[in-house]
Amino acid sequence: MNEAKQSLKAEVRKSCLLQRAALGEEERETKSRIIQQKIQNLPEFQQAQVVMLFLNFRDEVETTALAEATIALNKKLILPRCASHGLLLPIEVGDLTEDIEPGVWGIREPKLNKGETDPSEIDLIIVPGAGFDLSGDRLGYGGGFYDRFFMRLNPLTPRVALCFECQVIAQVPVDKHDAKMTMLITENDVYDFRTLGIQ
Ligand SMILES: Nc1nc2c(c(=O)[nH]1)N(C=O)[C@@H](CNc1ccc(C(=O)N[C@@H](CCC(=O)O)C(=O)O)cc1)CN2
Ligand SMILES: Nc1ncnc2c1ncn2[C@@H]1O[C@H](COP(=O)(O)OP(=O)(O)OP(=O)(O)O)[C@@H](O)[C@H]1O
């Protein structure tokens, strides 16, 4: 990857994460509750049988209640586990205490016992990120995990990103390998990039 682009990404990432870190604990909880509810209201969520989610770490949008709701609705919950070479393993989780262990970076990750799910079975993927813009571009943490993983999904599977409104910026720096999001959900809005004619 182009070095100037990489350092620009690092700079923008740092600024987005600072904005996010500036939210107070209570504010983060309130906004996270709103965001998790907005997802549950989406027809894309209601119709999905197999949902890939992430469990929040550091000061990300909280997703534990959404994970619990997904299981309670009898949907198949898939969570990512980091493996070597930037690979993300999609693993089914039936119980949020039994089937989870702390992984790399302290992220709550699925234990390996259940084995990998075929990525083409995933009906909806909910995606974390450091920063987003309103043309559907996403900036991650720099591991390239999600960009590699998107290539294994059915191209029609909606990619729904979550972030706080303060992480939405004018323009995310992108590379050729960066995939566009289908929707972005913040505490303020549901941005659907399909209706905006971008996807
Ligand atoms: N909750 C959650 N789970 C997730 C992700 C995520 O963004 N959120 N990921 C999304 O991809 C993957 C983990 N990706 C990560 C990538 C980098 C770092 C990290 O800590 N990097 C170092 C060094 C970065 C650098 O070299 O610049 C750091 O930030 O200190 C952590 C997680 C898979 N699971
Ligand atoms: N589809 C891909 N195939 C091969 N390498 C990739 C792919 N996607 C990303 N990479 C590599 O991964 C590294 C990180 O990419 P990038 O900075 O876009 O990550 P990111 O989108 O911020 O992170 P993440 O997806 O983990 O949240 C780069 O070196 C990039 O070249």
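These are my notebook entries on a predicted model of a protein with two ligands.

**Entry 1. Overall shape**

I began with the secondary structure and found 5 helices and 11 strands. The C-alpha trace spans about 40 × 35 × 35 Å along the principal axes. I then checked the radius of gyration, which is 16 Å for the protein. A compact globule of 199 residues would have a value near 16 Å, so the two agree. For burial I noted that 35% of the 199 residues count as buried. I also looked up contacts with a separation of 6 or more, and 67% of these join residues 24 or more positions apart.

**Entry 2. The nonpolar core**

Which residues have the most contacts inside the largest nonpolar core? I found V51, L53 and I126, in a core of 42 residues. Strand β6 (residues 124-127) gives the largest share of this core, with 4 residues. I126 falls within the residue range of β6, and I listed its contacts beyond four places in sequence: I39, V51, M52, L53, F54, V160 and L162. Two of the residues in that list, V51 and L53, are also named among those with the most contacts in the core. As background, I noted that nonpolar side chains tend to be buried together in soluble globular proteins.

**Entry 3. Helix α4**

I next took helix α4 (residues 64-72), where the buried residues are L66, A67 and T70. Down the helix axis these buried residues fall within an arc of 100 degrees, so they line one face of α4. What covers them includes α2 (25-41), β1 (50-52) and β2. After α4 comes N74, and I read its phi as positive, near 65 degrees.

**Entry 4. Ligand 1**

I counted 17 residues around ligand 1. The closest are F54, P128, Y141, G143 and F145. β2 (76-82) and α5 are the elements that give two or more residues to this shell. By class I recorded 12 nonpolar, 4 polar and 1 charged. F54 is also on my contact list for I126, and β2 is also on my list of what covers the buried residues of α4.

**Entry 5. Ligand 2**

Ligand 2 also has 17 residues around it. Which of them come nearest? I found G140, G143, G144, Y146 and D147. Helix α5 (residues 145-150) gives the largest share of this shell, 4 residues. The shell divides into 6 nonpolar, 6 polar and 5 charged residues. G143 is named among the nearest residues for ligand 2 and among the closest for ligand 1. Helix α5 likewise gives residues to the shell of ligand 1 and to that of ligand 2.

**Entry 6. V190 and L42**

I looked up V190 in strand β11 (residues 190-192). Is V190 buried or partly exposed? It counts as partly exposed, because it has 14 C-beta neighbours inside 10 Å. Leaving out residues up to four places away in sequence, V190 touches K38, M183 and I185. The C-alpha atoms of V190 and L162 are 9.6 Å apart, with the two positions 28 residues apart along the chain. L162 is also one of the contacts of I126.

L42 lies in the loop between α2 and α3 (43-47). With 17 C-beta neighbours inside 10 Å, L42 also counts as partly exposed. L42 and V190 are 148 residues apart along the chain, and I found 9.3 Å between their C-alpha atoms.

**Entry 7. Positive phi in loops**

I noted first that most residues other than glycine have a negative phi. H85 has a positive phi, near 60 degrees. This residue is in the loop between β2 and β3 (88-93), and it is exposed, with 6 other C-beta atoms within 10 Å.

W105 is not a glycine either, and its phi is positive at about 60 degrees. I located W105 in the loop between β4 (100-102) and β5 (108-110). Is W105 buried or exposed? W105 is exposed, since 11 other C-beta atoms lie within 10 Å and the cut-off for exposed is 12 or fewer.

**Entry 8. D118**

My last look-up was D118, in the loop between β5 and β6. D118 is exposed, with 9 other C-beta atoms within 10 Å. From D118 to K14 I found 34 Å, C-alpha to C-alpha, for a pair 104 residues apart in sequence.

Conventions
Residues are numbered from 1 along each chain as its sequence is written. Chains are lettered from A and ligands numbered from 1 in the order in which they are written. This is a predicted model: local features need pLDDT of at least 70, side-chain atom pairs count only at pLDDT 80 or more; totals for chains, interfaces and linings use all residues. The radius of gyration is taken over C-alpha atoms; the globule rule is 2.2 Å times the number of residues to the power 0.38. A residue is buried if 20 or more other C-beta atoms lie within 10 Å of its own, exposed if 12 or fewer, and partly exposed in between; C-beta atoms are placed from the backbone. Two residues are in contact if their C-beta atoms, placed from the backbone, lie within 7 Å. A residue is near a molecule or strand if its C-beta atom, placed from the backbone, lies within 6 Å of it. Ala, Val, Leu, Ile, Met, Phe, Trp, Tyr, Cys and Pro count as nonpolar, Asp, Glu, Lys and Arg as charged, and the others, Gly among them, as polar. A nonpolar core is a set of buried Ala, Val, Leu, Ile, Met, Phe, Trp, Tyr and Cys residues joined through C-beta atoms within 7 Å. The arc is that of the directions from the helix axis to the C-beta atoms.
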